[in-house]
Amino acid sequence: MLFFSSIFFSPALFYGDKKPMNFVDVINIKRISSIRLSPDGNHLLFTIDKACWKENKYISHIWQINSNGSGLIQMTNGKNGERGGNWSPDGKYIGFVAKRSKESQIHLLNTSGGEAIEFTKHKGGIRSFQWSPDSKKIYFIATDPLSKEEEKKKKEKDDAFIFEQNYKQRHLWKIDLASKKEERLTKGDFSILTFNILRKGGKIAFLAAPTPLYDDSIKSEIWVMDLASGTKKQITNNNMLEGWPEFSPDGKQILFAADANEKFEGYYQSQLFTVPTKGGTPRPVIPGFKYEVYQYNWSANGKQIFFTANMGIHSEIFSFDLKKKKLKQLTEGQHAIYQFWYIPKI
């Protein structure tokens, strides 16, 4: 099942009876993102981003609606907003990241009712997270905390630093839901940019870059970690920014996007590639595809890939049959598909 959000184009939006839209009007448009369908398929979670001129930023809150379009309710209303709302696979909890104390932490909201609780107390705060397939653990990326010496200098306001040399690396952790015991999974002079968990568990694919700085993201590479042994293997080695790595359902392939051509030369629009989980040469999924690829997912059986592509003034959802090499456009209209959410099983 696919759910998606989009922006619809209409001449009236720009040349209506009242006035044309200006820059401020565009900023004031509320934006829907982070769509998540509940495991039973009955409810949708999403965030609404709203411009806050007083704070000079967008503030996001999490909302819920029934799959039939009824029962819209706001789930969170924190001063600093919330992000990353996601159901636990067993449907018992909604997790999200919010800064309601000194640092951003994971909060849990019981779907049967009650208020959200601050679940983690991780020093340095948390950037993003994912549930384990069995709902018993949460994996998250966190920035390394300040050392005692750095904390002392900060307290004394001795905060001078050399530009782009005061960063902290970001690493992968996990926390057990029952015991709340944390365990660090990666460490070293590199940063985890994003990660994904094999649907049946046991492995994690992640992007690692030399630093968390934006300019170093193009040096990121895909790695695979075995969760039982903790061993890690570098899968790509191309000094090319790869997108979100996603395991095939059988765990044998990793799907990713890169701004490269079929020879892995840079400065091209984003295209889809697969690479064996054990390592090997990345191969283009759809050689010669002329549009820029955005979001993508494997089908539940691994026989198809769903993705969005920029077709100029509109973007659409496509499917590609890997065996038949057949491309199919699933949507058509005067819109830009902003995001879609694919549910393998309901």
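Here are a few friendly notes on surface charge and backbone angles in this predicted model.

1. A good place to begin is the surface charge. Lys 54, Lys 57, Lys 79, Lys 99 and Lys 154 together form a positive patch on the surface.

2. Take Lys 99 from that patch as an example. You will find Lys 99 in the loop that links β7 (93-98) to β8 (105-110). Its relative accessibility is 41%, and because the partly exposed class runs between 20% and 50%, Lys 99 counts as partly exposed.

3. Next, have a look at helix α3, which covers residues 148-155. Of its 8 residues, the number buried is 0, so the helix lies largely in the open. Just after α3 comes Lys 157, whose phi is positive, at about 60°.

4. Asn 56 also deserves a glance at its backbone. This residue is not a glycine, yet its phi is positive, near 60°. Asn 56 sits in the loop between β3 (43-52) and β4 (57-66). With a relative accessible area of 70%, Asn 56 is exposed, since exposed means over 50%.

5. Finally, turn to Tyr 267. Here too the phi is positive, about 65°, although Tyr 267 is not a glycine. Unlike a loop position, its place is in a strand, β20 (residues 266-276). Tyr 267 counts as exposed, because its relative accessibility is 86%.

How values were computed: Residues are numbered from 1 along each chain as its sequence is written. This is a predicted model: local features need pLDDT of at least 70, side-chain atom pairs count only at pLDDT 80 or more; totals for chains, interfaces and linings use all residues. Side-chain values use heavy atoms; hydrogens and water are left out. Patches are made of residues with over 30% relative accessible area and no salt bridge: like charges are joined within 9 Å, nonpolar side chains (Val, Leu, Ile, Met, Phe, Trp, Tyr) within 5 Å. Accessible areas come from the Shrake-Rupley method with a 1.4 Å probe; for residues, only the protein chains shown count as cover. A salt bridge is a side-chain nitrogen of Lys or Arg within 4 Å of a carboxyl oxygen of Asp or Glu. Lys and Arg count as positive and Asp and Glu as negative; His and the chain ends are not counted. The place of a charge is taken as NZ of Lys, CZ of Arg, CG of Asp or CD of Glu. Helices (H or I, at least four residues) and strands (E, at least two) are DSSP runs, numbered from the N terminus. Buried means under 20% relative accessible area, exposed over 50%, partly exposed in between (1.4 Å probe, protein chains only).
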